[in-house]
Amino acid sequence: MRLEEGRRSYEKLRFAEAETVWHSAVGLLFGEEKALGFSYIALAQLRQSKLDEAETSIQESLRLLNQVRTPGTSERNQTIHARILTTAAQINLARNQPELAEQALKQLAEATAIYERLNQAKWMIASQINQAQAMQQLGMYREVLKTLKDLEDPIINHSEPAIRLSGILNLGKTYRAIGVLDQSYCVLQAGQENPEIALELGNTALAIGNRLKDELDSITELTFEPIFTKQQTPKCKFPVELDSQVNAWDFYEKANEFYQKVWNSPIVKAETQVQAMLNNLSLSLDLKDTEGLEVETSQLERQANELVPQVLQLIEIMRLNREKVYDRIYLARSLTPLNPELSQNQLETAIVEAQELEDKRAEAYAIGELGSMKQQHGNFTEAEQWTRQAVAMTPPDAIDMRYQWEWQLGQILKEEGRTEEAIHHYTQAVDLLQRVRQNLVAIAAGMGEMNADLQFDFRDRVEPVYRELVELLLDPQGNEVTSQDHIQTALGVIELLQVAELENFLQCDLQPEPQVQLARSVAEAKHKVAEKLELIFQKYPNYALIYPMILPNKLEVILALAEQPLVHHSILKPAAEFKETLKKLKARFRDRSQSEKLQKLSYEVYQWLIEPWADRVQSKPLVFILDIPFQTIPMAGLYDKINKRYLIEDHEISLMTTLQMLIKKSPKNELIQILSAGISQGRMERNIAFSDLFL
């Protein structure tokens with residue numbers, strides 16, 4: 001009975017209370033029931049980010065279970081064993097170490113086999129989805145997709161409604177979390193009559209809109225880029241016409257429709273209703289004042305303002321648990337620009353409620369958000385105090401949360417002009433991110449907070465930390481002010497970001513060759529970059545390496561030459577202006593019918609990257625290590641307007657993704673075979689228009 005009491009507390013998201021109840025229960029239990037009790041304790045500790053304690057509890061659970069296991073064990077014993085293996089795997093995944101992820105995958109495979117043997121379909125499906133999350137952490141992207149794809153038909157066509165709906169919900173969320181948004185949408189669509197699934201369908205539509213907005217740097221710009229194809233999702237009812245142009249707004253409208261459907265449903269739970277309203281409120285405020293959509297967004301804003309009192313009323317009647325505390329925090333975040341007093345009131349209430357729950361993670365979250373609110377309103381003294389308190393309060397193993405407070409503290413100290421202190425905290429944030437960024441899905445799942453599109457999370461919550469640190473390290477006044485140490489550190493951070501971007505794109509953890517060990521901290525990256533530069537210049541002393549990096553408020557270009565100090569050049573403009581110029585230049589390279597406009601834009605980029613040190617790099621071979629916005633621009637085509645020459649006419653040009661991938665000894669006399677292909681005549685292919693190739 002005591003185990004059941006603890007389980008009720010756990011299901012209500014009262015994790016500290018559940019842990020206390022289960023601790024008192026295990027002293028009265030024996031054998032496999034005691035083993036189960038310790039696994040429950042471990043699960044509650046995991047949800048509180050107490051990983052060391054959770055590890056101790058799960059090991060005790062496994063020890064007790066092994067004492068009672070005999071050949072021909074009962075179904076009850078086998079079920080308990082599978083539950084314990086699943087909890088042990090979740091703890092291993094939260095540790096974010098490849099060897100533990102491999103162990104987790106084996107544990108989940110064993111648990112899946114037990115559930116299959118016992119014909120427990122619900123748990124077997126859940127275990128297979130957990131396996132996919134473990135594979136994702138190990139970079140086994142194809143295996144993840146195959147595992148999830150194989151589950152689709154058994155889940156969607158399952159005869160038991162409860163298993164079908166829970167399977168659709170978890171499968172759709174997992175697809176979204178790993179960035180496979182079309183599959184997420186189509187799977188969730190099969191159960192959209194359920195309010196919880198309709199909520200997640202709205203979240204996936206929102207994620208598609210966010211991705212289009214990020215790729216196009218626009219909410220309203222149209223693209224033929226296919227989001228859905230009949231080959232990939234043959235059974236899907238597509239939200240847009242396959243041959244039509246789409247933009248981010250199309251999917252934001254879809255998200256809004258689903259959120260309204262959820263909160264108007266007669267069978268919706270209060271908790272789900274609140275989440276739909278909060279998501280709609282956040283979306284409405286994000287779209288506020290969008291150029292070209294003033295009428296539509298003003299309607300959304302009016303709707304959002306009407307929602308606030310309804311959300312407040314619903315939150316007040318919800319039972320006290322972590323979800324209620326988080327809902328208050330999400331509401332406060334949306335209210336910060338609209339009603340600071342009400343926002344602060346909600347955060348202060350959230351702190352009190354988290355303390356009543358003895359939920360340190362939720363309390364740290366509320367305190368950190370209060371610091372963020374103070375920061376947004378320019379009260380940096382209080383913002384610093386609250387943020388430092390959040391850092392101190394955050395459980396040691398909650399790295400996914402701690403890095404955010406270190407980042408926030410760095411931003412606050414930067415605003416106060418305390419540059420060296422800010423650099424310290426930014427560096428702490430980057431080092432923490434290096435430990436968790438490739439495992440955001442598994443961490444979020446372990447904490448019960450898996451609502452993200454991983455790739456959008458990277459652009460929104462990970463990438464800016466690296467760029468802001470580089471911006472802080474490189475003083476815009478130039479090389480006389482910026483120390484060599486800072487320039488070297490900035491190069492190390494750029495290298496970390498480039499590997500992070502590559503890993504995010506490939507959805508894997510890179511270790512390309514046994515002899516190539518990638519840096520996992522700022523200090524280590526700084527050291528490795530110095531080693532690689534020395535290696536290059538020993539073999540190619542005449543080379544010049546050029547690193548351009550677009551930062552929030554400027555473009556930084558770093559030049560490395562043999563036996564010379566590193567130098568950098570700053571151009572102060574908002575990042576959006578640099579990206580817009582590159583976007584126009586990319587379009588001109590595709591359509592070269594107006595050569596004067598092409599040369600004008602190309603010369604502008606030449607002025608950024610080459611002109612500041614044209615005398616130093618004269619006739620030298622150039623190696624570019626390009627930031628992502630530059631990677632679609634052919635460096636050979638940069639135009640020197642003064643001398644009327646393209647860059648390729650005066651320089652050998654090479655490109656590298658990152659210095660860290662450089663291998664010391666390359667195979668001698670090895671012939672590399674390449675198969676290349678192109679389209680010489682314009683045509684439509686997969687709804688994409690290809691222009692004629694100019695030769």
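The following questions and answers cover a helix pair and a five-stranded sheet in a predicted model.

Trainee: In what order do the five strands of the open sheet stand?

Mentor: Going by the pairs, β2 and β3 are joined in the antiparallel sense over six bridges, and β1 and β2 by eight bridges, also antiparallel. On the other side of β1, the pairing with β4 is parallel, over three bridges, and β4 in turn pairs with β7 in the parallel sense over four bridges. The pairing is therefore mixed, and the order is β3-β2-β1-β4-β7.

Trainee: Which strands stand at the edges of this sheet, and why is one side of each left without a neighbour?

Mentor: Neighbouring strands in the sheet are turned by 20 degrees against each other on average, direction ignored. An edge strand here has a single partner strand, so one side of it has no neighbour in the sheet. The strands in that position are β3 and β7 (653–656).

Trainee: Which residue in β2 is the bridge partner of Y547?

Mentor: Strand β1 covers residues 544–551 and is joined to β2 by eight antiparallel bridges. The two strands form a hairpin with two residues between them. Within that pairing, the partner of Y547 is I558.

Trainee: Which residue in the turn between β2 and β3 has a positive phi?

Mentor: Strand β3 spans residues 567–572 and pairs with β2 over six bridges, with L555 opposite I571 in β3. The hairpin of β2 and β3 has five residues between the strands. The turn residue with a positive phi, about 55 degrees, is E563.

Trainee: How many of the residues of β2 are buried?

Mentor: In a regular strand the side chains alternate between the two faces of the sheet. On one side of β2 are K554, E556, I558 and A560, and on the other L555, V557, L559 and L561, all of them buried. Both faces are covered, and the count for residues 554–561 is eight of eight.

Trainee: At what angle does helix α26 run to β2?

Mentor: Helix α26 comprises residues 595–609. The helix lies across β1, β2, β3 and β4 (622–625). Its angle to β2 is about 60 degrees.

Trainee: Which residue in β7 stands opposite L622?

Mentor: In β4, L622 and F624 point one way and V623 and I625 the other, and all are buried. Towards β1, V623 is the bridge partner of L545. Towards β7, the residue opposite L622 is I653.

Trainee: Are α9 and α11 roughly parallel or roughly antiparallel?

Mentor: The axes of α9 (residues 161–177) and α11 (residues 195–216) come within 10 Å and cross at roughly 15 degrees. Angles under 35 degrees count as roughly parallel. The crossing is left-handed, and the angle makes α9 and α11 roughly parallel.

Trainee: How many charged residues are in the contact of α9 with α11?

Mentor: From α9 come L165, I168, L169, K173 and R176, which meet E196, I197, E200, N203, T204 and A207 in α11. Five residues of this contact are nonpolar and two are polar. The charged residues number four.

How values were computed:
Residues are numbered from 1 along each chain as its sequence is written. This is a predicted model: local features need pLDDT of at least 70, side-chain atom pairs count only at pLDDT 80 or more; totals for chains, interfaces and linings use all residues. Side-chain values use heavy atoms; hydrogens and water are left out. Axes are lines fitted to C-alpha atoms, for helices over the stretch in contact, and angles run from 0 to 180 degrees between N-to-C directions. Angles under 35 degrees count as roughly parallel, over 145 as roughly antiparallel, 65 to 115 as roughly perpendicular and the rest as oblique. A crossing is left-handed if the near helix is turned anticlockwise from the far one by less than a right angle, and right-handed if clockwise. Contact means heavy atoms within 4.5 Å. Ala, Val, Leu, Ile, Met, Phe, Trp, Tyr, Cys and Pro count as nonpolar, Asp, Glu, Lys and Arg as charged, and the others, Gly among them, as polar. Buried means under 20% relative accessible area, exposed over 50%, partly exposed in between (1.4 Å probe, protein chains only). Two strands pair if DSSP finds at least two bridges between them.
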